[in-house]
Amino acid sequence: MSAVKVERGRGLDVGSWRLEVGGATPRAGWLARHPFVGLTALLLLVLGLSLFVGRYPQPYWMPPTLLQENELARQLVFNLRLPRILTAVLLGMALAGAGAVMQMIFRNPLVEPGFLGVSQGAGFGAALAIIRLGNAPLVVAASAAFFAFLGLVLSYLLARNLRYGGWVLRLVLAGIAVSALFSSGVGLLKYVADPLKQLPEITFWLLGGLWSVTWGEFIYVALVVIPALGVVWLMRWRLNLLSLSDETAFSLGVSAGRERALLLGVSVAATAAVVAVAGIVGWIGLIVPHLARRALGTDAQHSLPASILIGGIFALVCDDLARTLYVGEIPLGILTSLIGAVLFAAMMMSNPQRSRR
Amino acid sequence: MSAPNTRSVSLSDLRFGYDKEMPTVLHGLSLDIPPGTITAVLGPNGAGKTTLLRIILGLLAPQAGSISIDGKPQQSYSRQQMSRLIGLVPQSEYVPFDFSVLEFVLLGRAPYLSPLAMPSEADRQIARDALCSIGLEHLQDRPTPSLSGGERQLAMVARALAQKPRILLLDEPTSHLDLGNRDRILGVLRAQARNGVTVIFTTHDPNLVAVTADYVVLMRQGALVAAGALAATLTAENLSATYGIEVQVIRWDGHLFVVSDQIGRESG
């Protein structure tokens, strides 16, 4: 992904391929006119390679022929690596898609999908389960999901009762307040946690990771994320209208309140499902939508699917690194933040499309 | 009283206030606007002009009184029907993302697309035509936020034209425009009116009204001062009542010119 370079606003350089949509130059190749074919192919390629990346039988790479010879290798690939790889893809797609939706709905490019109390609520729920509810993986996930939604509900109720600013500003403020509330709760729980057994567990969870994922978790995540992304994908052009002012959206026949609520609901559901299983994985939902808009233009008809695809690739690559680089596991959230922040800085320092024209 | 088919927009005894504690914005406004005409709503800042446009659009509901569009009550239209009937050009608009000008104008096709549909090549062509008619086609690939204030205002007009409305509402359409672009907008508005579109715009510039409008509505603090055909309504007496200062109307070469008495006295 570090080879991605933006040129002339509508082109995306991935390695030596040049991808463009819309006003493609006559010289542009077939791939350039079909950027989604390129991105999907890249995703499938990374997906295939990921099956053979890991620390068995030796660090970094497993020869594909081993699959035919070794029963243990087959077990490992199909029961451990495959569900984890697929969950990583869904995680990236959900966070990046939800981030793209929320940035447009809230008309604010700095919003990320967990900000309405969802991420901090999930963190609190997980910490509570680790300390008080016996620390079984399923219980932790259920408690995280419950408190993620509680965070959303509290943000929503608080926003309704705030006496300040417009609806969007009230939601943002309420999200900040509820997140602060839960993060102080997490702080308290960490303070009272057993420093040898529970505290490392909580810390690890808060940094995010997919080490505990099996087919069961994958199915649970897929059941929520795939329909949610389906709704968002179907309404992708409509999303543009929701980023306009209320007055203009109204004059164009949009029921802004209802349509925003629907898209917000499915985005939060996808985010909560992912966070409950994987912990708090930062930066994907913030940076990938920016990357997609820079590469394919703002129009959500193109930038939303691009966001989803790039999010899947980004999360998968980060998770491959998380489980391969080191003997133990590097928490996924650390890698997404590290790589995300570097990418973000590089993207912001590259020539903005505006100054070229 | 005129027959229903000769009234495009008909307001009767409208009353409106934003809040119980705030003063009423409109009290008892009645008005009939014929189709295919240009109507200017003229008044000082805070007279309730924008509020009036929002009520016609249906964004605000009046506390009393009724609005009918093409002879039928406003409430009898669905949201989609309304959005095909009435287009709005707001005074200014904050665009948080780098939509290209063409993508921005294409959003005007929303009333003709179902919530799950994508714009077709025909929609794109309509958007390009709208840009051409406003003389903005050379900017179609530019990011909208990088446009100047005047260019952005033209882009908003193009978006409303892509909407192909029967009634076009414009809030201070020339506020950011230089002389050339102002004339271009006025030309577009006249062409729209010739094609049967009812154009209603607000302004606080009486001279703009004098060269553009067929009908004029004078408002002061939510009340109607006068309404009617241009020549009969845009009088020194009415304008003085609207603005609360002495105003003169000069007729020269078939055109009306409005000067405040202050300026008239200095130059004379």
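**Helix α13 of chain A, chain B, and a helix pair**

Me: What makes the span of α13(A), residues 284-296, close to the expected one?
Reply: Helix α13(A) has 13 residues and reaches 18 Å from its first C-alpha to its last. The expected span is 1.5 Å times one less than the number of residues, and for α13(A) that is 18 Å, so the two values are close. Helices here are DSSP runs of H or I with at least four residues, and strands are runs of E with at least two, numbered from the N terminus. The model is predicted: local features need pLDDT of at least 70 and side-chain atom pairs 80 or more, while totals for chains, interfaces and linings use all residues. Residues are numbered from 1 along each chain as written, and chains are lettered from A and ligands numbered from 1 in written order.

Me: Why is α13(A) called largely enclosed?
Reply: A residue is buried if 20 or more other C-beta atoms, placed from the backbone, lie within 10 Å of its own (exposed: 12 or fewer; partly exposed: in between). In α13(A), 13 of the 13 residues are buried, so the rest of the structure largely encloses this helix.

Me: What follows α13(A)?
Reply: A:Gly297, with a positive phi near 90°.

Me: How many helices and strands does chain B have, and why is chain B called as compact as a globular protein of its length?
Reply: Chain B has 10 helices and 12 strands. Its radius of gyration, over C-alpha atoms, is 19 Å; the globule rule (2.2 Å times the number of residues to the power 0.38) gives 18 Å for 268 residues, so chain B is as compact as a globular protein of that length. Buried residues make up 44% of chain B.
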